[in-house]
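Colleague: Could you walk me through this one slowly? I'd like to learn how to read it.

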Amino acid sequence: MELLNYGITVCSAGKIPVGHTEFPFEFELRPRKNMKLFETYHGVYVNVQYVITAQMVRSMLSKNIEKSIEFIVKNAVGGDKDSLVHKKKSKVQFEITPQSLKNVQKQNLKHLFDFRITGHFESGVCNVEEPFMGSICVQSSKEEIKSIELQFVRVETIHYEKHEIREATEVQNVQLADGNVCHHFDIPIYMIFPRLFTCITTVCDAFTVEFEVNVVVLFKDSHMLTENFPIKLV
């Protein structure tokens with residue numbers, strides 16, 4: 001899907017003098033009719049790239065010289081974005097216990113050991129230019145903990161006619177704690193969004209790009225629990 005495509009002439013035909021010569025230029029990014037621009041994003045099924053190609057047209061007997069390079073497009077920082085984040089900013093509290101696990105059937109709860117993990121995220125609506133912050137605390141656990149991790153996941157959905165393809169992939173994984181951590185101790189959460197593989201939450205007719213974070217706790221006996229939290233990036 002082509003969002004824009006146009007060319008400009010920065011130098012008319014003629015000879016270039018010997019030595020270093022620069023041709024300054026500028027252009028405004030304008031989408032094609034009935035389309036809009038998206039932030040630069042490198043995903044699995046969805047890629048949004050902006051490429052500028054410089055070409056020097058030479059005489060008939062000489063090969064043209066051409067060079068392409070990608071440049072990054074992103075939303076402006078501040079203004080409406082900061083206002084939206086501030087308006088919708090509210091802490092996301094969570095508590096993880098055997099009873100709160102979504103993918104465990106009730107009859108299997110008796111086979112799980114007791115644990116209680118609490119925490120919070122500073123907001124579920126996040127500025128993609130700012131760190132994702134919060135804390136997590138192990139209140140109790142009858143089994144030793146081996147590791148606590150924060151997994152950042154992107155969810156891409158492609159819409160084609162009446163079909164829909166959805167794929168969730170891990171972007172990055174941040175280890176918050178290693179070993180059997182002290183109970184009743186707040187472990188800080190601090191994660192920088194990898195900008196090249198992250199964009200603002202995008203919903204359009206052709207595709208959607210959404211994001212989630214998973215709190216992953218690995219126990220000493222190799223049991224692992226994962227709790228999922230959708231977030232919105234602006």
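Modeller: Sure, and let's begin with the cysteines: the count comes to 0 disulfides, where a disulfide is a pair of cysteine sulfur atoms within 2.5 Å. Keep in mind that this is a predicted model, where local features need pLDDT of at least 70, side-chain atom pairs count only at pLDDT 80 or more, and totals for chains, interfaces and linings use all residues. Residues are numbered from 1 along each chain as its sequence is written, and side-chain values use heavy atoms, with hydrogens and water left out.

Colleague: Why is the sulfur of Cys182 too far for a bond?

Modeller: In general, a disulfide is a covalent bond between the sulfur atoms of two cysteines. Here the closest cysteine sulfur to that of Cys182 is in Cys137, 10 Å away, so a bond is out of reach. Cys199 has a similar story: its closest cysteine sulfur, in Cys204, is 10 Å off, too far for a bond.

Colleague: Are Cys182 and Cys199 buried or exposed?

Modeller: Buried means under 20% relative accessible area, exposed over 50%, and partly exposed in between, using a 1.4 Å probe and protein chains only. Cys182 is exposed at 58%, whereas Cys199 is buried at 3%. Lys220, in the loop between strand E13 (207-219) and strand E14 (224-233), counts as exposed at 54%.

Colleague: In what order do the 4 strands of the open sheet come?

Modeller: First, strands are DSSP runs of E, at least two residues long, numbered from the N terminus, and two of them pair if DSSP finds at least two bridges between them. The order here is E5-E6-E8-E11, with antiparallel pairing. Strand E5 (92-96) and strand E11 (186-191) stand at the edges with a single partner strand each, so one side of each has no neighbour in the sheet. E5 pairs with strand E6 (residues 115-121) over 5 bridges, and Val92 stands opposite Phe121 in E6.

Colleague: How many residues line the largest pocket?

Modeller: Rolling a probe the size of a water molecule over the atoms shows where empty space is left. On a 1 Å grid over the protein atoms alone, a pocket is an open set of points where a 1.4 Å probe fits, with protein on both sides within 12 Å along at least five of seven lines; lining residues have an atom within 4 Å of a point. The largest pocket here is lined by 43 residues, with Tyr6 and Ile52 among those nearest its centre. E3 gives the largest share of that lining, 7 residues.
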